[in-house]
Structure formats: C-alpha cells, structure tokens
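Please open the model in a viewer and keep the selection panel at hand. The stops below proceed from the whole chain to its interior.

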Amino acid sequence: MSLKAGIVGLPNVGKSTLFSALTLNEAESANYAFTTIEPNVAIVNLEDNRLHKLASIVNAKKIVPATFQFVDIAGLVEGASKGEGLGNKFLANIREVDAIVHVIRCFENDNIVHVKNKIDPIHDLKIINLELILADLQMVDNIINRISKKAINSNDKSLRFEYDLLLKVKNILLEEKMLKNIEFSEEERQIIKNYQFLTIKPTIYVANLDASTYKNISEAKHYLTLKTEVEKNNEIIIPICVKIEYELSTFSKEEKEIFLNEYNIKKSGLDEIISKSFYLLDQSTYFTAGEIEARAWVFKNGMNAAECAGIIHTDFEKKFVKAEVIKYNDYVLYNGEKSAKENGKMALEGRNYLMQDGDVCYFKVAK
C-alpha cells in the first residue's frame, strides 16, 4: 500500500530544504534502499523498532520496513487556481497525494526574501487554503452543471442525494471553509472521496523556525500565533528548524543522538513528520517474519485479514483460507512462533478478522 504526502508552501519557506533533509536522512541511515522515483519524489522508511526486534528473533537475512513517499510540490502563488505561476502543476500534484505537509515560515531574516515582504504565518496559511478552496469550487461547479438536469428530473434517490450533497459542499466552500474541518456522515464521505477534493485531504502544518527561536520556542511569537490558529480545528502542527534538520540529516547516528540531546529534543522533526503523516492517514502495520526476511506491511485500520493478505499479493485475497496470528508482545515474550504457539498464543483467524496493529501473521491460501 503506497502512501504519499505532498510538501507544499509558498516560495522560500523551506519546503525544498525539508525535502532534501528527508532524502539525505534516508540515504545515509536506512537499511532499506533509498529510492528517488523522480527528481521531486522520494521514498523514506517508516522506522519501527518492532520490526528489528522480530528480525533478531528469527535471524532474518533481510529487513524490509514499510515506506512512505514524499513529494516536493512546486511553490504556490496567489492565483494558482486560475493557473498563475505553476498553479496547474501544483494543483494536479496535490490531487495525487494522500496527505499534505504544509510548511509555513515563522522566522525573520532579511536575507531570505518573502513573497509578501513580511512575515505573517496566518496570512500565508490562508493564501494556500484559499487557492485550494477556489480550485474545489471550480470543480464542484463543473460537477453540479453536469448532473443537475438529470438529478432534478430523475426518480433516482441516490443521484438526488449526491446532487444535494454537492450543493452543500459548494456552500461550505463559498464560506471559505475547508472540507476536512466539516463533519460529514459516512455515506456523504464515501461520495466526496470519489471526487478527490483538495480541501478534504488531511494536513500536517510544519512551522519552520530559525535556530535561535527553535531553542526558545516558548518565546517564538510567529509560531505561537500560528499554533493557536491551527489548533482551533484540532489539527497537527509540528515546530522544526528546517536548517537544523538538514544539517542533522548529514550526521552519523551517534552524532545525531548527541546533537538531539544538546537541544533537548526527544525525536527529530523529520521522524515526527513521518510518523504523524502515517497516523493522520489512519494506518497501522502488521508483520511477517521468517529467515528469508522480516517485513512490515501497511494497512488501513478496519481492513480484514483477507484484504490484508491481498496487500502482499492480490491472489492471496482471492484464495484466502485462514491467517495464523500472534500478537507482537506475545511473539517477543515467547521468543518466536514455536514457543508462542505451544503456549496457546497463536490464533487461527478467518477472512473477516479485523487486523490489529502489531499482528505477526502467516497467511494460508488455497493452491
């Protein structure tokens, strides 16, 4: 299951440096091969200590972590929804990602030009959000125009429901509200999902600070103002210093630990962004473990055993028979499959079993 987050922001806010730090970080430290698909798309590892523990128990020859794609999306300017600057490319790239990482500048520096010649994080936030809203408005208008005649004159209740929902969506957007901050029923969400609206995509806000304000974050006025605004909608904001993260990504593991301790940081900003992106998309991980390889597999919460088997290979879902499942803590406690099974900790589950985070699985399929 390929997950993708797009890094967005106004020009000169630090998003491309953040992307470079992500790529350098993985190129230097990952056991799993770092891959650049295009100049602006990279695959980074979802580090999980559980996978390494399982690998040590089974003496796996290979460790394959779950991965996450990050896309460095072209800088946005006002008018992107009308094609200004690289607006069309920007909006097309956002449609292709599962989540948005929105980088906002929260520091003063006369040597780094700001497109508006002033530092105003909330204004910067609203520029991008408004462009996404305008793009969605244009899209919903086109859909309404296409189906309105048929929906109004038809006895098809589902089509009428969809039409009324689109009118509701249009009114929300006209109020300059993001769809992701609105409560919809499950039925409404399923319909909305089909249209790939930009403002429905979950978002992490990254406040880019300079080194001095990052050390004294309680006095970082621009960040604190932005934090208050973002948290009105219970959204995630991560304060980092992109410049520090870039430097940190060039260090060895030991140097990195020393540096983090000096700054009294428990977790690097890059790791925080990766893990929070994963969390935001309601994903979990199950494992397979053997001598050949120990591997982490990403699944969406609520998927059943057969669907999760299909992540390995589509035939596994079709030919699913049962799943042998051991909880991660039991697998570690009993030092592997054999002892866990002997102690009654292996469960045989059918296709409708809902997979849980940390399950260690072996799938049996029909030949």
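The tour that follows concerns a predicted model.

**Whole chain.** Begin with the cartoon representation, coloured by secondary structure: the chain comprises 15 helices and 13 strands. Next, display the surface. The chain exposes about 19000 Å², of which carbon and sulfur atoms supply 47%. Of the 367 residues in the chain, 49% are buried. If contacts with a separation of 6 or more are drawn, 68% of them join residues 24 or more positions apart.

**The largest nonpolar core.** Select Phe70 and Phe197. Within the largest nonpolar core, which has 82 residues, these two touch the most other members. Now add helix 4, residues 121–153, which contributes twelve residues, the largest share of this core.

**Around Phe197.** Centre the view on Phe197 and show its surroundings. Leaving aside residues up to four places away in sequence, Phe197 touches Asp136, Met139, Val140, Ile143, Leu166, Val169, Leu179 and Ile192. Apart from the largest core lies another core, of 18 residues; select Tyr205, Leu209, Ile237 and Leu260, which are among its members. As a general background to both stops, nonpolar side chains in soluble globular proteins tend to be buried together.

**Cysteines.** Finally, select Cys106 and Cys241. Are they buried or exposed? Cys106 counts as buried because its relative accessibility is 4%, under the 20% cut-off. Cys241 likewise counts as buried, because its relative accessibility is 1%. How many disulfides does the model contain? With sulfur atoms required to lie within 2.5 Å, the count is zero.

Technical notes. Residues are numbered from 1 along each chain as its sequence is written. This is a predicted model: local features need pLDDT of at least 70, side-chain atom pairs count only at pLDDT 80 or more; totals for chains, interfaces and linings use all residues. Side-chain values use heavy atoms; hydrogens and water are left out. A nonpolar core is a set of buried Ala, Val, Leu, Ile, Met, Phe, Trp, Tyr and Cys residues joined through side-chain atoms within 4.5 Å. Buried means under 20% relative accessible area, exposed over 50%, partly exposed in between (1.4 Å probe, protein chains only). Helices (H or I, at least four residues) and strands (E, at least two) are DSSP runs, numbered from the N terminus. Contact means heavy atoms within 4.5 Å. Accessible areas come from the Shrake-Rupley method with a 1.4 Å probe; for residues, only the protein chains shown count as cover.
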